[in-house]
Amino acid sequence: MDAPLLHGVGQEAAAEEGDYAAVKNFQDARKVFWTESVRIWRIAVPIIFNIWCQYGVNSITSIFVGHLGDLELSAVSLINSVIGTFSFGFMLGMGSATETLCGQAFGAGQVGMLGVYMQRSWVILFVTSICLLPIYIFAGPILTLLGQQKDIVDLAGHFSLLVIPQFLSLSLNFPTQKFLQAQSKVNVIAWIGFVALIVHVGMLWLLIYVLDLGLTGAALAFDITSWGISVAQLVYVVVWCKDVWTGLTWLAFKDIWAFVKLSLASAVMLCLEVWYMMSLIVLAGHLGNAVIAVDSISICMNFNGWENMIFIGVNAAISVRVSNELGLRRPRTAKFCVYVTIIQSLLIGIFFMGVILVTKDYLGLVFTNSKPLLEAVSELGNLLAVTMILNSVQPVISGVAVGGGWQALVAYINLGCYYLFGLPLGYVLGYTANLGVKGLWGGMICGIVLQTLVLLLILYKTNWNKEVEDTSERVRKWGGQDIQVDNTVASA
């Protein structure tokens, strides 16, 4: 063997045979880096592709609508960035409990529980969607209360009612997707997303331009595509996952309140992150020339979103890896995969920062031909570049939190760094110091910096042996049995 990387096994058998031994030299580190890179990207690439396709549904819809007019783009941007992000973040967060439990149960060999967890999540997310429905129904008054312009609000309120079916599809979509991801069945998710994107573009062209339905056509295409994705995933689970899916069961309602509490912790953690950037759009709506302010930030957030899709995919992949490895009682493997992924994500973030700095004067051309709007987007290019590099590391650590079940702790950190520090600082810089959009965004970047530093410190201090024991207890508590393995838990 080339190096003692594993307890009694070779490098290639890392996933199947045992945990890593200590890394003592550069050769050991190089082999671990390569092995973990292959394993993480084998999961991440299909997830990223799928997320790009699903994000492309939103982004391409904005592109089609943007060519209808600036007012239409502002209305759709408000719904997608404020109402949609608010509800999407909460629903995705509630579904993240499934990601934690399915991943750890699958790693521990308790595959029979995955279908139960998914069904519990269906029930919880359906009830959650009904509770959140008034946000869509009363989107107009809510946006008015937030101080948005009346002409934008009227159009946005109409569009919000039309996309309610799309929102309701999330209660089926998210749990099913997490169920498949926990088993690394990610290629099918990617194919479903790709087909949905192609069909969506065709529907937008048909409904908006051929049938001349305008915003109504955009909303209808959005609804059909979202439900198509959800149903396709469900069909795959029922027909092709018979080894894990055993049918509907009343066990889905057992201990559901405890599941709700973990779901809520996940939702709060994620929502505090998602809503943070959403608030930038809301605050920009109070500045002078609100249409230009909202549109310029929305365009920048669109490009930031494309990069974010990579790291949301990495977030999901690292969550699967960490939860699986903790379930398998492999603390060093869990730790090393985290460190390797953070290093690679930072390098990717630096690359995208450079791309934005080089192309910032031309970014807005994809969405608009308006010269004032193009100039406003160009002026925000430097802030967008900084945000690109910051958003490369933070989602990875959040994925580790989901995989390890640390959601409640990260929620408190997000609350302090984002809402007690970053958001007030952005308000002061934007309004009191009269720096406008740049001040708002700059202050909020400071909040992301602080949060990232705190999470990196916690990660450095993590006792991975203890995480393994906590996972065994969690699997036993949630209906599985503690897993006994021959591997000695390595000192992590």
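Colleague: Where is Val 82 placed?
Modeller: Val 82 sits in helix H3. A helix is a DSSP run of H or I with at least four residues (a strand is an E run of at least two), and numbering starts from the N terminus. The model is predicted, with residues numbered from 1 along each chain as its sequence is written. Local features need pLDDT of at least 70, side-chain atom pairs count only at pLDDT 80 or more, and totals for chains, interfaces and linings use all residues; side-chain values use heavy atoms, leaving out hydrogens and water.

Colleague: Why is Val 82 called buried?
Modeller: Its relative accessible area is 4%. Buried means under 20%, exposed over 50%, partly exposed in between, with a 1.4 Å probe and protein chains only. Val 82 therefore counts as buried. Val 82 and Leu 280 are 198 residues apart in sequence, yet their C-alpha atoms are 9.6 Å apart.

Colleague: What makes H2 and H3 roughly antiparallel?
Modeller: Their axes cross at roughly 155 degrees and come within 8 Å. That angle makes H2 roughly antiparallel to H3, because the class takes angles over 145 degrees (under 35 is roughly parallel, 65 to 115 roughly perpendicular, the rest oblique). The axes are lines fitted to C-alpha atoms over the stretch in contact, and angles run from 0 to 180 degrees between N-to-C directions. H3 covers residues 70-107, and H2 covers 26-66. The H2/H3 crossing is right-handed, meaning the near helix is turned clockwise from the far one by less than a right angle.

Colleague: How do you know that Arg 321 and Glu 36 form a salt bridge?
Modeller: Their closest N and O atoms are 2.6 Å apart. The rule asks for a side-chain nitrogen of Lys or Arg within 4 Å of a carboxyl oxygen of Asp or Glu, so the pair passes. Arg 321 lies in H12 (residues 290-327) and Glu 36 in H2, so the bridge ties together parts 285 residues apart in sequence. Both residues are buried.

Colleague: Which residues are linked in a network with Arg 321 and Glu 36?
Modeller: Arg 39, Glu 325 and Arg 330 are linked with them by salt bridges. Arg 330 meets Glu 325 at 3.6 Å, N to O. Arg 330 is buried at 4% relative accessibility, and Glu 325 is buried at 3%. The whole structure has 8 salt bridges.

Colleague: Is Asp 243 buried or exposed?
Modeller: Asp 243 has a relative accessible area of 57%, so it counts as exposed. Asp 243 forms a salt bridge with Lys 185 at 3.8 Å between the closest N and O atoms. Asp 243 is in the loop between H10 and H11, and Lys 185 in the loop between H8 and H9, so this pair ties together parts 58 residues apart in sequence.

Colleague: What makes the nonpolar surface patch?
Modeller: Its residues include Trp 205, Leu 213 and Ile 224, and its area is about 810 Å². Nonpolar side chains (Val, Leu, Ile, Met, Phe, Trp, Tyr) are joined within 5 Å, if the residue has over 30% relative accessible area and no salt bridge; for like charges the limit is 9 Å. Areas come from the Shrake-Rupley method. H9 and H10 each give two or more residues, and H9 gives the largest share, 4 residues.

Colleague: Why is Leu 213 called partly exposed?
Modeller: Leu 213 has a relative accessible area of 37%, so it falls in the partly exposed class. Leu 213 is in the loop between H9 and H10.

Technical notes:
Areas by Shrake-Rupley, 256 points an atom, 1.4 Å probe, with all protein chains shown as cover.
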